[in-house]
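Dear colleague,

Please find the structure below, handed over for your own work. A written account of what was found in it follows.

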Amino acid sequence: RTGIGQSILLVTPIEAVRYVSAIANGGTVYNAHIVKNVVSSGGETLVSTEPSVFNKIDAPEEYWTAIRRGMAGVVSPEDGGTAGDAFSEEFEQLGYLAKISGKTGSAQVGNVTIDIQNTSWFVSYTPREGEAELVIVICLPSGYAGVWSVSAAEEIYTYYFNKQDSAAPETLVDIGGIAP
């Protein structure tokens, strides 16, 4: 039961983000940082946090490829993925669905004698190939089933992809040392 995320397994959303990122990038687990830079009101960078590696999961590339292929199938309507039909038709028509990979999950809370609804999880990343640029984890307590978290992820991805589509690199402004 623990191997599938049940029983005594406890994980926070930030831990899930770190490991989904590791799946996307082939095994590198980064330390979590909430703030990249602290900038003064005058624009001076006071504190800067650089990415640092927490762990490297050593596994053959074919394992990572199989896991990523499985996560692509989760969001595929053609493959009957658990989240395949949860995205809007517009999201799919815009080509956004083909850019993401994900995994649904439903974690039971309590035991069978207590009627508490499951926690809904949806973890995902984009792009499907190469290092993840964006990893999203949606965790909804009493969310019933993992697929119910998909609509929140769709909203975030739509915003992200719309910004990418509408932002020509030559028009983006470097804000306080944060590259566009």
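**Findings**

Ile34 is found in the loop between β1 (28–30) and β2 (37–39), where helices (H or I, at least four residues) and strands (E, at least two) are DSSP runs numbered from the N terminus. With a relative accessible area of 77%, Ile34 is exposed; buried means under 20% relative accessible area, exposed over 50%, and partly exposed in between (1.4 Å probe, protein chains only).

Before the further findings, the basis of the values should be stated. This is a predicted model, in which local features need pLDDT of at least 70 and side-chain atom pairs count only at pLDDT 80 or more, while totals for chains, interfaces and linings use all residues. Residues are numbered from 1 along each chain as its sequence is written, and side-chain values use heavy atoms, with hydrogens and water left out.

**Overall architecture**

The chain contains four helices and seven strands. Along the sequence these elements follow the pattern α-β-β-β-β-α-α-β-β-β-α. The chain has 180 residues, of which 32% count as buried.

**Surface patches**

Ile34 also belongs to a nonpolar surface patch of about 560 Å², made together with Ile14, Val35, Val38, Leu46 and Val47. Patches are made of residues with over 30% relative accessible area and no salt bridge; like charges are joined within 9 Å, and nonpolar side chains (Val, Leu, Ile, Met, Phe, Trp, Tyr) within 5 Å. Accessible areas come from the Shrake-Rupley method with a 1.4 Å probe, and for residues only the protein chains shown count as cover.

A negative surface patch is formed by Glu78, Asp79, Asp85, Glu89 and Glu92. For this purpose Lys and Arg count as positive and Asp and Glu as negative, with His and the chain ends not counted; the place of a charge is taken as NZ of Lys, CZ of Arg, CG of Asp or CD of Glu. Within this patch, Glu78 lies in the loop between α2 (61–74) and α3 (89–93). Glu78 counts as exposed because its relative accessibility is 64%.

**The salt bridge**

The structure holds one salt bridge, defined as a side-chain nitrogen of Lys or Arg within 4 Å of a carboxyl oxygen of Asp or Glu. The side chains that meet in the salt bridge are those of Arg68 and Glu61, at 2.5 Å from N to O. In general, side chains of opposite charge can pair when their charged atoms come close. Arg68 is buried, at a relative accessible area of 15%, whereas Glu61 counts as partly exposed at 44% relative accessibility.

**Polar contacts and the cis peptide**

Thr104 lies in strand β5 (residues 101–107) and is buried, with a relative accessible area of 11%. The side chain of Thr104 is joined to that of Thr82 by a polar contact of 2.7 Å. A polar contact is a pair of N or O atoms within 3.5 Å; within protein, one must be able to donate a hydrogen and the other to accept it, and residues adjacent in sequence count only if both atoms are side-chain atoms.

Asn25 is found in helix α1 (residues 13–25) and is buried, its relative accessible area being 17%. A polar atom of the Asn25 side chain lies 2.9 Å from the backbone nitrogen of Thr28.

Thr126 and Pro127 are joined by a cis peptide bond, with omega about -5 degrees. Pro127 is found in the loop between β6 (119–126) and β7 (134–140).

**Pairs separated along the chain**

Thr28 appears again in a pair with Asn55: their C-alpha atoms are separated by 6.2 Å, and the two residues are 27 residues apart along the chain. Asn55 lies in strand β4 (residues 53–56) and counts as partly exposed at 33% relative accessibility.

Glu62 lies in helix α2 and is exposed, with a relative accessible area of 54%. The C-alpha atoms of Glu62 and Gly26 are separated by 10.0 Å, with their positions 36 residues apart along the chain.

Glu90 has its place in helix α3 and counts as exposed at 55% relative accessibility. Glu90 and Thr158 are 68 residues apart along the chain, and their C-alpha atoms are separated by 10.0 Å.

With kind regards
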